[in-house]
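Student: I have not looked at this structure before, and I would like to go through it slowly. Could we begin with the chain as a whole and then turn to single residues?

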Amino acid sequence: MSLKEFAGQLPDFAKDIRLNVGSLLNEALLNDQRKYGLLLACAHGTGHKPLVEAAEAECTPKLSPEAANAARAAAAVMAMNNVYYRFTHLAGNQEYRNLPAKLRMNVIAAPGIDKVDFELFSLAVSAINGCGMCIDAHEAVLKKAGVSAEIIQTSVRIAAVMQAVATVHSATA
């Protein structure tokens with residue numbers, strides 16, 4: 001099932017979400033690797049299995065195996081990092097920020113695709129997971145690489161819409 005068909009199953013009160021999915025699928029600002037990689041990473045980032053299945057069906061044929069794997073890897077490593085770094089940021093005891101994380105995250109250094117694309121995937125999943133520290137870190141890398149505010153904002157719009165699809169579907173299916 002395509003993402004558009006999946007979104008089409010949402011109830012009428014979520015019409016705006018359905019329309020936003022269609023708009024994202026037609027997004028022209030991003031190249032296909034970025035667009036479909038973001039859709040796949042964000043679907044995995046929601047943890048909503050029916051959405052993941054729809055995103056896999058939609059996106060995997062449009063991505064190289066390396067890009068699809070990088071999108072999944074971004075969601076996986078951010079599931080871990082966003083919890084850890086959100087804790088270090090929110091904890092009143094500043095001592096935690098100075099301790100080594102001792103978490104394996106090798107995929108960040110060698111994602112198998114263009115580093116900027118992986119950073120976009122990681123930023124979007126971090127937005128879903130609400131980790132301000134990770135959002136700031138990924139956004140800084142992207143800005144340093146010359147990525148425009150429009151591309152960064154589009155990536156986060158994809159995250160917002162995919163999270164909304166997962167939320168509404170899980171509450172109404």
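Tutor: Contact here means heavy atoms within 4.5 Å, and the model we are reading is a predicted one.

Student: With that meaning of contact, what share of the contacts with a separation of 6 or more comes from residues 24 or more positions apart?

Tutor: The count takes the contacts in the protein chain whose partners have a separation of 6 or more. Among these, the part that joins residues 24 or more positions apart is 69%.

Student: How many helices and how many strands are there in the protein chain?

Tutor: Read along the sequence, the pattern is α-α-α-α-α-α-α-α-α. The count for the protein chain is therefore nine helices and zero strands.

Student: Why can the protein chain be called as compact as a globular protein of its length?

Tutor: The globule rule gives 16 Å for 173 residues, and the chain is as compact as a globular protein of that length because its radius of gyration is close to that value. The C-alpha trace spans about 50 × 30 × 25 Å along its principal axes, and 46% of the 173 residues count as buried. The radius of gyration itself is 16 Å.

Student: At roughly what angle do the axes of helix α3 and helix α5 cross?

Tutor: Helix α3 covers residues 32-46 and helix α5 covers residues 65-90, and their axes come within 8 Å of each other. The contact is made by Gln33, Gly37, Leu40, Ala41, His44 and Gly45 of α3 together with Ala67, Ala68, Ala71, Arg72 and Ala75 of α5, and by class these are six nonpolar, four polar and one charged residues. The crossing is right-handed, and its angle is roughly 40°.

Student: Is Phe121 buried or exposed?

Tutor: Phe121 lies in helix α7, and, leaving aside neighbours within four places in sequence, its contacts include Gln33, Gly37, Ala41, Ala67 and Ala71. Buried means under 20% relative accessible area. Because the relative accessible area of Phe121 is 0%, this residue is buried.

Student: Which residue has a side chain that makes a polar contact with the side chain of Ser126?

Tutor: Ser126 is placed in helix α7, residues 115-129, and is buried, with a relative accessible area of 0%. Not counting residues up to four places away in sequence, Ser126 touches Met78, Asn82, Cys131, Cys134, Ile135 and His138. The side-chain polar contact of Ser126, at 3.0 Å, is with Asn82.

Definitions and conventions
Residues are numbered from 1 along each chain as its sequence is written. This is a predicted model: local features need pLDDT of at least 70, side-chain atom pairs count only at pLDDT 80 or more; totals for chains, interfaces and linings use all residues. Side-chain values use heavy atoms; hydrogens and water are left out. Axes are lines fitted to C-alpha atoms, for helices over the stretch in contact, and angles run from 0 to 180 degrees between N-to-C directions. Helices (H or I, at least four residues) and strands (E, at least two) are DSSP runs, numbered from the N terminus. A crossing is left-handed if the near helix is turned anticlockwise from the far one by less than a right angle, and right-handed if clockwise. Ala, Val, Leu, Ile, Met, Phe, Trp, Tyr, Cys and Pro count as nonpolar, Asp, Glu, Lys and Arg as charged, and the others, Gly among them, as polar. Buried means under 20% relative accessible area, exposed over 50%, partly exposed in between (1.4 Å probe, protein chains only). A polar contact is a pair of N or O atoms within 3.5 Å; within protein, one must be able to donate a hydrogen and the other to accept it, and residues adjacent in sequence count only if both atoms are side-chain atoms. The radius of gyration is taken over C-alpha atoms; the globule rule is 2.2 Å times the number of residues to the power 0.38.
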